[in-house]
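Trainee: Could you take me closely through one part of this model, the sheet and the helices that pack around it? I would like a connected account that I can follow along the chain.

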Amino acid sequence: MAHKAGFVNIIGNPNVGKSTLMNSLVGEKMSIITSKAQTTRHRIMGIVNGEDFQMVYSDTPGILKPNYMLQESMMKFANSALVDADIILYVTDIFETYEQNQAYIEKVVKKDVPVLLLINKIDLSSQTEIEELSQMWQKYLPKAEIVLISALKKFNIDYVFDQILKILPESPPYFPKDVLTDKTERFFVSEIIREKILENYKKEIPYSVEMVVEEFKEEKEIIRIRTIIYVERESQKGILIGHQGQALKKVGTHARLDMEKFFDKKIFLELYVKVSKDWRSKPKILRNFGYQ
Ligand code: GDP
Ligand code: MG
């Protein structure tokens, strides 16, 4: 049989379960999942290799209205997902209305790319509700295949995987077969810390931080990691560190435990907090942090 390969792009609004879906499709904890919207800021590629196929997944930031520069640059990632896709996985959930997706769906309809429309979180819904929802979506996307899934409970994920394999175009592989992701270890370090910050602080702090991994040194028994957490203001630095450093210590401990699982090795983690004024609205600083 001829070799198949292609780019499978996962898109949809924040919080519908894109990262959870990608994790269950790729089978590794590659992108960070939390209950707060907008945690996935970068495109992440997860690659699934078989003997005669290669699926290159990307999980894109949610669909956002650009109202400050960071979001604008995130939108570019989301739009580029439409350009290079061989297959689009459009994710919505049982709570979303068509209106919340209208603008994006209209773009998707115009593309000549196969679309699987995945209605996620059906574990939280009833049979009748689900049927009504699929009928509604089929009306708006007549060419798409509608699949009811639960990314969290792994319901119908194998079916989605098989459908993707079926429609994947014939092509030689795009990446060497032993590559799992295009992201570096440093990227995963930052994302794990970001996840812990999201879990431990109220709204303002998580959206004001950016991480720079200054050192990632793998030794025989241990990986030594030094990360700077940049915030926008002195006051945020104080909150992040907390009374006698307790808050930051908690983030560090939780992050270290996750990293030890992820890298399967002992981790020595140092976290420092620095102020970088208004990093969000300065193009040059954004570029340094990896946003184009
Ligand atoms: P993203 O913003 O689209 O990447 O969404 P995430 O994957 O981060 O998921 C957002 C939230 O929805 C998390 O709390 C997930 O645990 C939850 N979630 C994702 N999929 C399901 C599902 O199938 N069922 C339920 N009940 N929750 C889910
Ligand atoms: Mg996500």
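Mentor: Two strands are said to pair here if DSSP finds at least two bridges between them. With that in hand, and keeping in mind that this is a predicted model, we can begin with β7 and strand β8 (residues 222-231), which pair in the antiparallel sense over eight bridges. Within this pairing, Val212 stands opposite Ile228 in β8.

These two strands belong to an open sheet of three strands, arranged in the order β7-β8-β9, and the pairing in the sheet is mixed. Its edge strands are β7 (210-218) and β9 (266-275), each of which pairs on one side only. From one strand to the next the twist averages 15°.

Turning to the helices, α6 packs on the sheet, where it touches β7, β8 and β9, and its direction makes about 130° with that of β7. Helix α7 (residues 234-241), for its part, lies across β8 and β9 and runs at about 150° to β9.

The helices also meet one another. The axes of helix α6 (residues 185-200) and helix α8 (residues 246-263) come within 9 Å and cross at roughly 140°. That angle makes α6 oblique to α8, because only angles over 145 degrees would count as roughly antiparallel. In passing α8, α6 makes a right-handed crossing. On the α6 side, the contact is made by Glu185, Phe188, Val189, Ile192, Ile193, Glu195, Lys196, Ile197 and Asn200, while α8 contributes Lys250, Val251, His254, Ala255, Asp258, Met259, Phe262 and Phe263. Sorted by character, the residues of this contact of α6 with α8 divide into 10 nonpolar, two polar and five charged. As background to reading such lists, an α-helix has 3.6 residues a turn, so residues three or four places apart point the same way.

A second helix pair involves α7 and α8, whose axes come within 5 Å and cross at roughly 65°. Here the contact is made by Ile239, Leu240 and Ile241 of α7 together with Gln246, Ala247 and Leu248 of α8. The residues of this contact of α7 with α8 divide into five nonpolar, one polar and no charged.

The loop between α7 and α8 deserves a look of its own, since it holds Gln244. Gln244 has a positive phi of about 50° although it is not a glycine. For context, most residues other than glycine have a negative phi. At 67% relative accessibility, Gln244 counts as exposed, because the cut-off for that class is over 50%.

Elsewhere in the chain, Asn156 offers a parallel case to set beside it: its phi is near 70°, a positive value in a residue other than glycine. Asn156 has its place in the loop between β6 (145-148) and α5 (157-167). With a relative accessible area of 28%, Asn156 is partly exposed.

Finally, for a helix that is mostly covered, you can turn to helix α1 (residues 18-26), in which nine of its nine residues are buried. Among the buried residues of α1 are Lys18, Ser19 and Asn23, as well as Leu21, Met22, Leu25 and Val26. The residue that follows α1 is Gly27, and its phi is positive, near 80°.

Key. Residues are numbered from 1 along each chain as its sequence is written. Chains are lettered from A and ligands numbered from 1 in the order in which they are written. This is a predicted model: local features need pLDDT of at least 70, side-chain atom pairs count only at pLDDT 80 or more; totals for chains, interfaces and linings use all residues. Side-chain values use heavy atoms; hydrogens and water are left out. Axes are lines fitted to C-alpha atoms, for helices over the stretch in contact, and angles run from 0 to 180 degrees between N-to-C directions. Helices (H or I, at least four residues) and strands (E, at least two) are DSSP runs, numbered from the N terminus. Angles under 35 degrees count as roughly parallel, over 145 as roughly antiparallel, 65 to 115 as roughly perpendicular and the rest as oblique. A crossing is left-handed if the near helix is turned anticlockwise from the far one by less than a right angle, and right-handed if clockwise. Contact means heavy atoms within 4.5 Å. Ala, Val, Leu, Ile, Met, Phe, Trp, Tyr, Cys and Pro count as nonpolar, Asp, Glu, Lys and Arg as charged, and the others, Gly among them, as polar. Buried means under 20% relative accessible area, exposed over 50%, partly exposed in between (1.4 Å probe, protein chains only).
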